[in-house]
Amino acid sequence: MNLNMKMILFMMMMAMTSERAFSDPVVTSMTASKDSTVSMACSDVTTDTYVLLLEWRCEGTCSAKGSKTLVKFTRGRGITEQKDPRFNLNLNTFDLNLTSVRTEDGGSYYCLLNQKTSHEDTIRLQVQA
């Protein structure tokens, strides 16, 4: 393969790379009342995203009881791990739905898509009594 062909392939690959990869991480704040229901969207998932693996995690008081993993999804197997039945995954949008919100659910939530080891965006959930 000559140099011109390599450059063309490189440029095509760069064009297919999401602009999102070059943007700054976003932190979204969300406030919920105790016993309410909240829905959090995974910013890495769009209508064109092929989701093979997806994991929702939290840090802060929401992870004080052990594992940071709240829900884990694997294509072909469905939900393979669920910390608490109050954490539900919408299998069409991959939003995390949390019912019967508790004070200890406060913290930073994020999703990991297709075996990523780090996250871009965070949702900070604050719970009001």
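1. The C42–C111 link is right-handed, with 70° about the S-S bond. This is a predicted model, and the S to S distance of the C42–C111 disulfide comes out at 1.8 Å. With pairs counted when the sulfurs lie within 2.5 Å, the total is one disulfide.

2. Where do C42 and C111 sit along the chain? C42 is in the loop between β2 (38-40) and β3 (53-59), while C111 belongs to strand β8 (residues 107-113). They are 69 residues apart, so the bond ties together distant parts of the chain. As for solvent, both C42 and C111 are buried.

3. Two other cysteines deserve a look. C58 has a relative accessible area of 0%, so it counts as buried. C62 comes out at 6%, which makes it buried as well, given that the cut-off is under 20%.

4. Now the interior. The largest nonpolar core has 25 residues, and L54, W56, L96 and Y109 have the most contacts inside it. Which strands supply at least two residues each to this core? They are β2, β3, β4 (69-74), β6 (87-89), β7 (96-98), β8 and β9 (122-128). As background, nonpolar side chains in soluble globular proteins tend to be buried together.

5. L54 is a handy residue to click on, being among those with the most contacts inside the core. Ignoring neighbours within four places in sequence, L54 is in contact with C42, one of the two disulfide cysteines. The rest of its contact list reads V45, V71, K72, F73, L89, F94, L112 and L113.

Technical notes. Residues numbered from 1 in each chain as written. Predicted model: local features only at pLDDT ≥ 70, side-chain atom pairs only at ≥ 80, totals over all residues. Heavy atoms only, no water. Helix = DSSP H or I, 4+ residues; strand = E, 2+ residues; numbered from the N terminus. Buried < 20%, exposed > 50% of the residue type's maximum accessible area, 1.4 Å probe, protein only. Core = buried A, V, L, I, M, F, W, Y, C linked by side-chain atoms within 4.5 Å. Contact = heavy atoms within 4.5 Å.
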